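Biologist: I would like a close look at a single part of this model, with its surroundings described carefully and in a connected way.

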Amino acid sequence: MLTSKNIVWIALVFMLLFPASARASQPYDTFYVNQTSDGNYISWMQDVYTTGDTIVGMGPTAFNSPSDLFITSSDEVFVADTGNQRVVQLDAHGKYVREIGKEKGPGQLRAPEGVFVTNNGTIYVADTGNQRVVVYDSKGAFIKEMKKPNSPYLPKDFYFVPVKMVVDARDVLYVVSKGAYQGMVRIGKTGEFEGFFGGNKSTASVMDRLKRLLFTKDQLEKETAIRPLEVSNVTLGSEGFIYTDTKGVTSSQIKQLSAGGTDRFQNLKTVKFNDSDQIVDVAMDSKQFMYVLDQRLASRETRGLGMISIHSPGGTEMFRFGKTFKAPEQKGILAYPVSIGVNSRNELWVLDKTLNMIQVYERTPFGQTFLSAAYDYYIGDFERSKENWQKVLEQNELISLTYSGLGEVAIKEGRIEEAMTNFRITYDADGYSEAFWTYRMHWIDQDLIRTLAGLLALWLLYRYVLKRWLGVLLQRAPRFFRHIADELRDCVYTMFHPYEGFYRLKGRKISFWSLGTLTLLLFFTKLATIYWTGFSFFPTNLKAIAWGQEMIFLAAPVITWVVANYLISTIKDGEGRFREVLQGAIFAMVPYILFSIPILILSNILVLEEKILITMLTTIMWLWIGTLFIVKTQVTHNFEFIENIRNSVTTVFTIGIIWVFIAVGIGLTFNLWDFIYQLYKEVAFLG
């Protein structure tokens with residue numbers, strides 16, 4: 001019989017022989033942002049950064065409401081310790097080294113909010129409380145102070161209250177001054193004012209624009225001036241660009257400024273930041289990956305957004321992680337992050353003003369592998385990135401950029417079809433088009449002659465055999481089918497001779513079989529444009545398309561046009577009957593069927609650089625359809641030209657009203673149904 005002592009020994013032996021694996025999970029989620037033509041979507045994934053050391057001083061070394069941190073190229077850390085009226089220097093591991101600005105004298109600080117260190121060790125401090133910038137040497141000795149520049153170009157009522165600053169390679173100082181809506185104050189090497197730099201533009205609301213149109217000059221003078229938001233923070237990149245951050249806006253929160261002050265991010269489609277108005281800082285590592293810090297508190301609405309987002313050198317968002325709570329209870333979750341820096345070990349140091357500490361986040365092996373591969377991908381060294389992409393793929397198959405990277409590698413190695421497959425997986429139209437161009441060149445070299453010969457044979461077969469056979473077959477067909485064929489020929493004739501064609505339709509009843517055939521052809525054409533368009537021009541997940549919804553999108557404008565045009569034309573004594581308006585509208589859509597054929601063929605032959613041909617055909621098609629609708633309305637209702645234009649404009653306005661009523665009706669119906677359902681649940685619960 002087993003005793004309790006024996007059971008304990010057996011359990012201990014079992015635990016030693018079969019140890020359980022343990023993993024310290026992070027208190028936050030990590031997400032990857034997949035970039036597709038249909039928009040961005042996020043997916044959970046393994047950690048890219050994990051929680052590292054927490055740096056909290058004790059006694060005289062403790063922080064008090066710190067506002068800014070700066071990490072030098074040698075990994076020394078400087079913290080603007082606002083509440084303690086000083087700047088604290090830490091070593092590369094977060095150990096206290098010294099304090100700067102506490103000694104009485106010209107270098108004594110008062111509530112500093114910003115710090116910057118040049119490559120030669122010169123320390124610049126935004127001495128906010130004393131309204132100046134203080135400069136110290138590498139040993140912390142006071143050199144000079146820089147107060148409000150004396151310049152006639154600087155407004156007399158301008159208050160110089162520095163909060164953040166950077167110094168470029170020419171020793172030009174860019175100061176973020178509190179309340180300065182004009183932009184950063186640029187101060188030259190000798191202390192002269194060189195103008196404002198990198199200011200934001202003011203945005204006027206619809207109401208503001210109406211006031212400008214309707215108000216008198218005296219009334220406008222009494223209105224509060226529309227001022228742009230002030231720049232909140234500034235960072236200097238290793239390549240020389242200046243990055244500014246503006247808190248309180250949900251677009252263009254971060255700008256990359258050139259020497260002329262223009263935002264280089266503005267025209268880049270790849271650049272997109274979270275729709276957050278609480279972005280407060282940005283840092284760059286040695287490979288120019290950007291780390292964006294967001295103060296927004298974590299909630300159900302903000303889940304998936306993260307506290308820190310990682311962007312490629314071109315601004316493409318890749319990862320999100322981290323959380324902020326008002327009263328965090330776990331290591332790694334912050335309360336009020338205000339500044340972020342990155343050192344040579346790719347560790348992220350985040351300063352928390354409320355918790356009076358620095359939280360370090362360490363890059364994981366997976367994160368290092370992925371970002372190394374991504375860097376090689378973005379600089380065009382695809383062959384070097386191959387090994388890392390394969391390692392990433394072994395650990396996570398959901399990251400779209402992996403397949404783009406492997407696709408580029410396959411192109412370099414001549415595996416074109418494999419490259420096209422990889423680009424299809426990630427819905428990368430640009431990469432697919434690049435690979436398809438090479439595939440097309442091989443096809444032209446090997447199969448073009450045979451293809452042209454086959455097409456010529458098919459044309460000769462149709463011209464001398466099938467055409468005659470079809471003519472004889474149509475003559476022998478029942479009258480019913482001949483009648484439908486004649487009406488279908490009329491719709492093509494109307495497309496090229498609209499006035500005469502629609503005059504023939506007036507007072508004539510086209511059979512419902514013909515109208516039904518044309519309608520089915522329209523629906524089939526719509527499906528064909530969805531499922532048969534070349535991938536380069538329609539990189540979409542076809543399985544996710546609701547084809548029924550697409551049919552509604554095609555039919556709804558035509559149906560509402562028919563209804564609105566008939567109602568408006570009846571009021572204005574138009575001669576057309578509802579059936580004539582309906583069959584004319586269907587005939588007017590014939591160009592959609594005929595033009596879609598060459599468009600579909602070209603989309604499977606051309607690459608993106610040749611897109612102009614498809615764009616041109618598509619534009620001609622819709623202009624042709626619009627023209628047919630206008631001519632159809634004029635002929636059907638016997639309107640004069642000017643009267644017809646007015647009628648068409650009124651019809652479009654009526655269509656908008658109809659759609660508004662439909663949307664309101666759907667919304668009210670949903671609310672009513674939800675009310676009834678909630679009432680039913682409450683009654684059922686109460687018994």
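In what sense do E12 and strand E13 (residues 173-177) pair, and over how many bridges?

Modeller: Bearing in mind that this is a predicted model, I can say that E12 and strand E13, the latter spanning residues 173-177, are paired in the antiparallel sense over five bridges. Within that pairing, Pro-162 has Ser-177 of E13 as its bridge partner.

The two strands belong to an open sheet of four strands, whose order is E12-E13-E14-E15 and whose pairing is antiparallel. Because strand E12 (162-167) and strand E15 (193-197) stand at the edges and each has a single partner strand, one side of each is left without a neighbour in the sheet. Neighbouring strands of this sheet are turned against each other by 25° on average, direction ignored.

The loop that runs between E13 and strand E14 (184-187) holds Ala-180, and this residue is buried, since its relative accessible area is 4%, which falls under the 20% cut-off for that class. Leaving aside neighbours within four places in sequence, Ala-180 is in contact with Phe-158 and Glu-230. The C-alpha atoms of Ala-180 and Pro-228 are separated by 9.4 Å, although the two residues are 48 residues apart along the chain.

Further along the chain, another antiparallel pairing can be set beside this one: strand E17 (residues 242-245) and E18 are joined over four bridges, and Ile-242 stands opposite Leu-257 in E18. In a regular strand the side chains alternate between the two faces of the sheet. In strand E18 (residues 254-257), Ile-254 and Gln-256 point one way while Lys-255 and Leu-257 point the other way, and all are buried.

A buried lysine also appears in a helical setting, namely Lys-632 in helix H15 (residues 611-637). Lys-632 has no salt bridge despite being buried, and the nearest side chain of opposite charge, that of Glu-580, is 9.7 Å away, whereas a salt bridge would require a side-chain nitrogen within 4 Å of a carboxyl oxygen. Not counting residues up to four places away in sequence, Lys-632 touches Phe-502, Trp-561, Asn-565, Val-581, Gly-584 and Ala-585.

As for the record, an unreviewed UniProt entry places the feature "domain: Yip1" at residues 494-660. In the model, the span of residues 494-660 is 77% helix and 0% strand, and its end C-alpha atoms lie 33 Å apart.

Definitions and conventions:
Residues are numbered from 1 along each chain as its sequence is written. This is a predicted model: local features need pLDDT of at least 70, side-chain atom pairs count only at pLDDT 80 or more; totals for chains, interfaces and linings use all residues. Side-chain values use heavy atoms; hydrogens and water are left out. UniProt positions are given in the numbering used here, feature names are shortened, and annotations may be inferred rather than shown by experiment. Buried means under 20% relative accessible area, exposed over 50%, partly exposed in between (1.4 Å probe, protein chains only). Two strands pair if DSSP finds at least two bridges between them. Lys and Arg count as positive and Asp and Glu as negative; His and the chain ends are not counted. Contact means heavy atoms within 4.5 Å. Axes are lines fitted to C-alpha atoms, for helices over the stretch in contact, and angles run from 0 to 180 degrees between N-to-C directions.
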